Amino acid sequence: MSRGLRAGILGGGFMAQVHTRAIRDNGHDVVALASSSLESGTRTADELNIATVFSNWQELIASPDIDVVHICTPNALHAEIAIEAARANKHIVCEKPIAVSYSQAAEMAFEVEKSEVGFAVPFAYRFYPIVRELRSRVQEGQAGPLHLIHGNYLQDWLADPEATNWRVDSVSGGRSRAFADIGTHWCDLMEFVSGDRITRLIANTSKAYEARGGREVGTEDIATIMFETQRGAAGTLTVSQVSLGRKNQLLIELSGSQASFTFNQERPDSMLIGGMTSSQIVTSGQETLSSGDARRLSQVPSGHPQGYQDAFNSFVADAYSGFLGDVRPGVPGLADGLRSAALVDAVLESAESGTWVDVAAHKQQNSTSLLPN
Ligand code: NAI
Ligand code: SOE
């Protein structure tokens, strides 16, 4: 007999697969799926061995047999679905970005908080053991005060002018593409490991191509951002989905007075600690990880790499544990989704105005009247 929660998956693409594997890995059940049509949903459900298919997301949410709804649809649907799931009293795992504007995210947050259901957003890169190790060392002061934070998130899957996807369309994907799709991962991870926050930024966005597949492109391929943090670090971030040869290079470097710490998502089992007279590569493993939280997430013997799906499995383990009342550290939730939406709005506003934008002030201006103070 199952000991777990009963999950329903919305969407039938890449993330439907990743979420399904992670839920099952943790001993929970994937009981139903709904995608864009009954036909496509049935195809995916057959592939993933999911017993029940609903013809649309509304029917899945209404089912009394589901405890947790996983929102893996295109971005524009996230907020509307999450609001309905909260009203139906289901726990929610909502893909990033949680909404396509800060005001929409805030409206969703209000409904979720009112219903008191659990909510988690898969900023799954937080769940590599080495990320927790880096976080622990930086936050206990091994880098010293940080004076520079920089890095990039580079991909090339849209480098071909004919390549396209629903993310390119501002209606399905939202007004920001490269930054909302991947820049948000970088910002979440950087703020998570550093314990610092971006307070103001100036951004430039650009397109490699004006049209793709004969359709005008309304979203950016590239975002370059200069920022300042609460504790006074200077920062830069380059985001691109058109950088040939770069598949998923999320790279963060934190430079302080004592050391620099570097993490590269394409080599997630190690980090570089840079010093004046020598530098050190710290690899993941029970002997090398000093943080209890990092060791907790390390599931294989030293020398065996843990990858993206493992990180995602750990995310689901900790999110579900919270849904069941045992809250674990570092699970990205509603506040992190909202924070991310505020950054997207700030980047778009700065790119349009060409001026520095204060992220906190921006957030206040765009709050809806629905939000509690
Ligand atoms: P995808 O294009 O592979 O899949 C999207 C699915 O949604 C498709 O099966 C499509 O048929 C379905 N869909 C469209 N309209 C629908 C509707 N009305 N009702 C139900 N299903 C509908 O996209 P992918 O890569 O799976 O991305 C989904 C979401 O996950 C996005 O928001 C994306 O930002 C996020 N994502 C997050 C990642 C992470 O590491 N946290 C990694 C990849 C994507
Ligand atoms: C595509 O850019 C994508 O799948 C993003 O949507 C994910 O969030 C990122 O983790 C990997 O790339």
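A residue counts as near a molecule when one of its heavy atoms lies within 4 Å of that molecule. In this predicted model, the residues that meet this criterion for ligand 2 are Lys-96, Tyr-125, Tyr-153, Gln-155, Trp-157, Arg-167, Asp-181, Ile-182, His-185, Gln-241 and Asn-248. Sorted by class, this shell holds four nonpolar, four polar and three charged residues. Helix α8, spanning residues 178-194, supplies the largest share of the shell, with three residues.

The surroundings of ligand 2 are a good place to begin a tour of the model. The space that ligand 2 takes up is the largest pocket. Oxygen atoms of ligand 2 pair with polar side-chain atoms at 2.7 Å for Tyr-125 and at 2.9 Å for Gln-155. For Arg-167, an N or O atom of the side chain is 3.1 Å from an oxygen atom of ligand 2. Of the 310 Å² of accessible area that ligand 2 has on its own, the protein covers 84%.

The backbone also offers some details to look for. Most peptide bonds are trans, and most residues other than glycine have a negative phi. The bond from Lys-96 to Pro-97, however, is cis, with omega near -15 degrees. Pro-97 belongs to the loop that links β5 (91-94) and α5 (102-115), while Lys-96 is one of the residues around ligand 2.

Positive phi values occur at Asn-49, at about 60 degrees, and at Asn-89, near 65 degrees. Asn-49 sits in the loop between α2 (38-48) and β3 (52-53), and Asn-89 in the loop between α4 (78-87) and β5. Asn-49 counts as exposed because its relative accessibility is 66%; Asn-89, at 56%, also counts as exposed.

Technical notes:
Residues are numbered from 1 along each chain as its sequence is written. Chains are lettered from A and ligands numbered from 1 in the order in which they are written. This is a predicted model: local features need pLDDT of at least 70, side-chain atom pairs count only at pLDDT 80 or more; totals for chains, interfaces and linings use all residues. Side-chain values use heavy atoms; hydrogens and water are left out. Helices (H or I, at least four residues) and strands (E, at least two) are DSSP runs, numbered from the N terminus. Buried means under 20% relative accessible area, exposed over 50%, partly exposed in between (1.4 Å probe, protein chains only). A polar contact is a pair of N or O atoms within 3.5 Å; within protein, one must be able to donate a hydrogen and the other to accept it, and residues adjacent in sequence count only if both atoms are side-chain atoms. Accessible areas come from the Shrake-Rupley method with a 1.4 Å probe; for residues, only the protein chains shown count as cover. On a 1 Å grid over the protein atoms alone, a cavity is a set of points where a 1.4 Å probe fits but cannot get out, and a pocket is an open set with protein on both sides within 12 Å along at least five of seven lines; lining residues have an atom within 4 Å of a point. A molecule sits in a cavity or pocket if more than half of its atoms lie within 2 Å of its grid points. Ala, Val, Leu, Ile, Met, Phe, Trp, Tyr, Cys and Pro count as nonpolar, Asp, Glu, Lys and Arg as charged, and the others, Gly among them, as polar.
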